[in-house]
Amino acid sequence: MATEEISRTQGLNPSQQSSSLPDYPQMILEAIEALNEREGSSMSSIAKHIDSTHSDLPASHTTLLSHHLNQMKQMGQIVMLNNNYSKPDPNAPPKRGRGRPPKPKVPLPPGVVVSPPRPRGRPPKPKDLLAPPKSKSVSTGRPRGRPPKKAKTGTATAPPPPPGVKRGRGRPPKVLPSVGFQ
């Protein structure tokens, strides 16, 4: 009972701990070497080879395989070209990362102490201890800022039209002042 609890906390069930199954990176490399395809081996061919050589695989074999393939690809143990995995060429130059490479650091002579880097942001103003304390500015009696809006006391809106008259559609026509020319 205690061994089952310990193994569950470690993420493995007892059947996986006691099995003679090698770890996934080792099985993947063995499958790539055994298949020996010129263009590399696909994930399905690697899975079939591991399945044929090892009979006691866990139920989550395909997810474990894809996880370990991605991990090995990121670590540089295998290379992926055209959805096929292969071992990296030992004569190939190392793959360069993205962006501009960093400048080479000049080694400091021995005995030189490196000061810590400056903190970020604007430095604080120096405090003058001898200066007299600042006095408040002369107030005008009004508070600072914009005054609050005052509530409307009376509504000065147009009276509603008489109930019998209907309003027409659209904007009403402009009323021109009648000016008599003589």
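The crossing of helices α4 and α5 is right-handed in this predicted model. Helix α4 covers residues 43-53 and helix α5 residues 61-75; the two pack at an angle of about 125 degrees, with 11 Å between their axes. α4 and α5 are therefore oblique to each other. On the α4 side, M43, I46, A47 and I50 make the contact, and on the α5 side H61, T62, L65, S66 and L69 do. Sorted by class, the contact of α4 with α5 holds six nonpolar and three polar residues, and no charged ones.

Helix α5 also packs against helix α3, which spans residues 24-35. Here the angle is about 80 degrees and the axes are 10 Å apart. Because angles from 65 to 115 degrees count as roughly perpendicular, α3 is roughly perpendicular to α5. Y24, P25, I28 and L29 of α3 form this contact with H61, L64, L65, H68, L69 and M72 of α5. The contact of α3 with α5 has eight nonpolar and two polar residues, again with no charged residue. H61, L65 and L69 of α5 appear in the contact with α4 and also in the contact with α3.

The remaining pairing among these helices is that of α3 with α4. Their axes are 9 Å apart and the packing angle is about 105 degrees, which makes α3 roughly perpendicular to α4. In α3, the residues that meet α4 are M27, I28, E30, A31, I32, A34 and L35, and their partners in α4 are S45, I46, H49 and I50. The class count for the contact of α3 with α4 is eight nonpolar, two polar and one charged. I28 of α3 is thus listed in this contact as well as in the contact with α5.

Which residues of α4 are buried? They are S45, I46, A47, H49 and I50. The buried residues of α4 pack against α3, α5 and strand β2, the last of these at residues 84-86. Of the buried set, I46 and I50 take part in the contact with α5 and in the contact with α3.

The loop between α3 and α4 contains S41. S41 has a relative accessible area of 1% and is buried. Beyond its neighbours within four places in sequence, S41 is in contact with I32, L35, I46, N84 and Y85. Among these partners, I32 and L35 belong to α3 and I46 to α4, while N84 lies in strand β2.

N84 is itself buried, at 17% relative accessibility. Not counting residues up to four places away in sequence, N84 touches E39, G40, S41, S42 and V79. The contact between S41 and N84 is therefore one between two buried residues, since buried means under 20% relative accessible area.

For the chain as a whole, the secondary structure comes to five helices and two strands. Read from the N terminus, the order of elements is α-α-α-α-α-β-β. The protein chain has 182 residues, of which 14% are buried. Among contacts in the chain with a separation of 6 or more, 48% join residues 24 or more positions apart.

Confidence varies along the model. The average pLDDT of the protein chain is 79, and 80% of the residues score at least 70. Over residues 1-18, however, pLDDT stays under 50. For that stretch the model has eight contacts beyond four places in sequence.

How values were computed. Residues numbered from 1 in each chain as written. Predicted model: local features only at pLDDT ≥ 70, side-chain atom pairs only at ≥ 80, totals over all residues. Heavy atoms only, no water. Axes fitted to C-alpha atoms, helices over the stretch in contact; angles between N-to-C directions. Helix = DSSP H or I, 4+ residues; strand = E, 2+ residues; numbered from the N terminus. Parallel < 35°, antiparallel > 145°, perpendicular 65-115°, else oblique. Left-handed = near helix turned anticlockwise from the far one by under 90°. Contact = heavy atoms within 4.5 Å. Nonpolar A, V, L, I, M, F, W, Y, C, P; charged D, E, K, R; others polar. pLDDT = per-residue confidence, 0-100. Buried < 20%, exposed > 50% of the residue type's maximum accessible area, 1.4 Å probe, protein only.
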